[in-house]
Amino acid sequence: SSPCSHISASQLIRTYKELGYTTIAITDHYTDKLLTCENPEIVVEQFLEGYNIALATGNKIGVNVLLGMEIRFTTEKEDYLVYGITREFLIDNYDICKKNIAELRKQLEESSTTYFISQAHPGRSICKYPTCLDGIEIFNAMNHEKKMNTIAENYSTEYNLIPTSGTDCHSNKVIAKGGISTQEPIDTIDILINILKRNKFKLIV
């Protein structure tokens, strides 16, 4: 799980279950801090630790847990939420955080996987590479200044990017303060991506 989190993966899923949520996407941080060795499987298993705990808990109590990541590239300060990655993709591209968003998108295209890339909390930085994005987070529960979300919403309009919402959940304080609601049940990552790309959801803000 992400080192900056102050809530366990298991407790996170149990809390969302109590609040009536059916599906949670886990987007732990993927940065060069994970590259503690040159063994791709060890790197990826370290990244997946929190997700695997969340998944096991979800399976027990009836919450769909989907895999995503929040990636930051070595030479950048922007963060990107990526949906559609798999364990196999990460093993094949375990050092992708040393590259850039364009290379990530290229590798996803070549892998023939269904994917969705949204810039996370862009109000804290800038939207540098809109052509590499599908969406942009216009509401982030950890943005304590409203103007940050407004900046992000302006990027969404300017670059015609699908607006998304997230909690950036690192503690109990922001649980259920962001996300999306849908008419269609989401029980696989492909369904989530399809809904996101069709913009068939309502933002929780």
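Is S8 buried, exposed or partly exposed? I looked this up in what is a predicted model. S8 comes out as partly exposed, because its relative accessibility is 42% and the partly exposed class runs between 20% and 50%.

**Entry: around S8**

I placed S8 in the segment before helix 1, which covers 9–18. I then checked what its side chain does, and found that it reaches the backbone nitrogen of Q11 at 3.1 Å. I also noted a partner from further along the chain: G50 is 42 residues away from S8 in sequence, yet the two C-alpha atoms are 8.0 Å apart in space.

**Entry: T57**

Next I went to T57, which sits in helix 2, residues 40–61. I asked which residues T57 touches, leaving out those up to four places away in sequence. The answer is S10, I13 and R14. T57 counts as buried because its relative accessible area is 6%, and the cut-off for buried is under 20%.

**Entry: D79**

I looked up D79 and found it in strand 4, residues 79–83. D79 has 5% relative accessibility and therefore counts as buried. What does this acidic side chain pair with? I found a polar contact of 2.8 Å between the side chains of D79 and R72.

I listed the other contacts of D79 too, setting aside neighbours within four places in sequence. E70, I71 and R72 are in that list, and so are Q119, A120 and H121. I also took the C-alpha distance from D79 to T31, which is 9.7 Å across a sequence separation of 48 residues.

**Entry: two positive phi angles**

I noted two residues that have a positive phi although neither is a glycine. For S112 the angle is about 60°. For N160 it is about 55°.

Where do they lie? S112 is in the loop between helix 4 (101–110) and strand 5 (116–120). N160 is in the loop between helix 5 (146–159) and strand 7 (162–166).

I checked exposure for both. S112 is exposed, since its relative accessible area is 66%. N160 is exposed as well, with a relative accessible area of 70%. The class begins over 50%.

**Entry: the whole chain**

I then turned to the chain as a whole. How many helices and strands does the protein chain have? I counted six helices and nine strands. The C-alpha trace spans about 45 × 40 × 30 Å along its principal axes.

I compared the radius of gyration with the value for a compact globule. With 205 residues such a globule would have a radius near 17 Å, and the protein chain has 16 Å, so the two agree.

I looked up burial over the chain, and 50% of the 205 residues count as buried. For contacts between residues at least 6 apart in sequence, I found that 64% join residues at least 24 apart.

I also noted the surface. The protein chain exposes about 10,400 Å², of which carbon and sulfur atoms supply 49%.

Last, I looked at charge. The protein chain carries 21 positive and 26 negative side chains. The centres of these two sets are 7 Å apart.

Definitions and conventions
Residues numbered from 1 in each chain as written. Predicted model: local features only at pLDDT ≥ 70, side-chain atom pairs only at ≥ 80, totals over all residues. Heavy atoms only, no water. Helix = DSSP H or I, 4+ residues; strand = E, 2+ residues; numbered from the N terminus. Rg over C-alpha atoms; globule rule 2.2 N^0.38 Å. Buried < 20%, exposed > 50% of the residue type's maximum accessible area, 1.4 Å probe, protein only. Contact = heavy atoms within 4.5 Å. Areas by Shrake-Rupley, 256 points an atom, 1.4 Å probe, with all protein chains shown as cover. Lys, Arg positive; Asp, Glu negative; His and termini not counted. Charge placed at Lys NZ, Arg CZ, Asp CG, Glu CD. Polar contact = N/O pair within 3.5 Å; in protein donor to acceptor, adjacent residues only side chain to side chain.
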